[in-house]
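This briefing covers three topics: backbone angles, one helix and the aromatic rings. Look at the structure first, then read the points below.

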Amino acid sequence: MTSTENPTPTPASVAPTAGYMGFIGVSTGSSSIMSVFPKWAELLELPTGNLIGHDLPMDATPAQYRAMVEQIRDDLNHRGALVTTHKMNVFAAASDLFDELDPFAVSCSEISSISKRGDRLIGRAKDPLTVDLALNDFLPGDHFARTGAEVVILGAGGSGTALSWALAERADAPSKITVTALDDAQLDHLREVHRQHGTPDGLITYVRTDTVQDAAALVAASPAGSLIVNATGLGKDRPGSPLPDDVVFPADAWVWEFNYRGSLEFLHQARAQEAARGLHVVDGWRYFIHGWSQVVADVFEIDLTPAIVERLAEAAESVR
C-alpha cells in the first residue's frame, strides 16, 4: 500500500479492544507480525490485540514522517509503534517531537520504538540490543578469538550501524569490522557514531562500494569463518542483493541475511554455496522475533525474560 500525507492504517485484527499498536514500514501488510501479534497479545495478556500498519514509501518526505509521529502522539487510542525501514528518517525528520530519546537513539540517530508514558512521547533505538540478542542465538561466544575471523557488514543504515555497535561491545570482538555503503555521507555518519561512542580506533573500516563487484571483492578477501551480513534492506523492500551471483563466500563463513521475507536474493546466493563452501546460513527470523518482542515490551511496559521470548518464538512458528 502506498501512503501520502496521512498513511491509511492496515489492521491485523478488527476485534474491538483497548486501543492499538502501530507498525511503521513500507509493506506492513505482508509481514508475519500481522498474524503473530494477536497470538502474542493473548499470550502476554496485553490490553489490545490490534496492530495497525502505517505504510510510507521509501522516498517519504520529512513532512510525512512528522505527520505520522504527530498522529501517534495525538491519538489517545494509539499505544505506540515499531519502526522498521524508516527509523533513521524518523529521527532526522521528527526527533524534536519526542519528549525523551534514549542514548542509543541519539548516538545512532534512529528511532525504532515509539512509546508513551502518560503525555510523554518516548523514542528508543532497540536495534543494538535486538541485533546482539539475535547474533548470540547462532554465533558461538568464542568464535572470533578462536578462528581469527572478521566481519563484513554490507550496509551502513540503521541495522548495519547497530550491528557494528554491538560487535564493538562484544567480549569476543572481531579484530576487524568492515562496513560498506553506496555513498560517503552514510559512512561519515557512521564514523561520527563510533567516535561519539568511543569505539576503538582501527576496529572499523569504512568502504564505499560503487558496484556489487566492489562488495564481492571485500567478501572474497575475508578470512575463513568470517561473518558476512546483508544489512542493506535489498531483498525485502526492494528486490536485489548487494553482491553479484558469482561472489565467492569465505570457507566456513557465517552468512546472515537480516531479512526473513521478500525476494531474498542474498539468502539464495548463500544457499547456493552452502554445501560447497561449508557455509552457515542464517535468515532474519530470530532478529524479527527479538526486534518485535523488545518493542512490544517497551510499548506495553513488560519485563521480558528469555523464557518468555522463547514462548513468543514458539507461538510465532505457526505462521512462519
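Helices (H or I, at least four residues) and strands (E, at least two) are DSSP runs, numbered from the N terminus. With these labels, S109 can be placed in the loop between α4 (103–108) and β6 (113–117). The model is predicted.

**Residues with a positive phi**

- Most residues other than glycine have a negative phi.
- S109 is not glycine, yet its phi is positive, near 55°.
- Buried means under 20% relative accessible area, and S109 has 19%, so S109 counts as buried.
- L264 is another non-glycine residue with a positive phi, near 55°.
- The loop that holds L264 runs between β12 (254–257) and α10 (265–277).
- L264 has a relative accessibility of 10%, so L264 is buried as well.
- E45 comes just after α1 and has a positive phi of about 60°.

**Helix α1**

- Helix α1 consists of residues 33–44, and its buried residues are I33, M34, V36, F37, W40, A41 and L44.
- These buried residues lie on the same side of α1, because they cover an arc of only 145° around the axis.

**Aromatic rings**

- A pair of aromatic rings is described by the distance of the centres and the angle of the planes.
- There are 11 aromatic pairs in the structure.
- Which residues do ring pairs link into a cluster? They are F138, W254, W256, F258 and Y287.

Conventions
Residues numbered from 1 in each chain as written. Predicted model: local features only at pLDDT ≥ 70, side-chain atom pairs only at ≥ 80, totals over all residues. Heavy atoms only, no water. Phe/Tyr/Trp six-rings, centres within 6.5 Å; stacked < 30°, edge-to-face > 60°. Buried < 20%, exposed > 50% of the residue type's maximum accessible area, 1.4 Å probe, protein only. Arc of directions from axis to C-beta.
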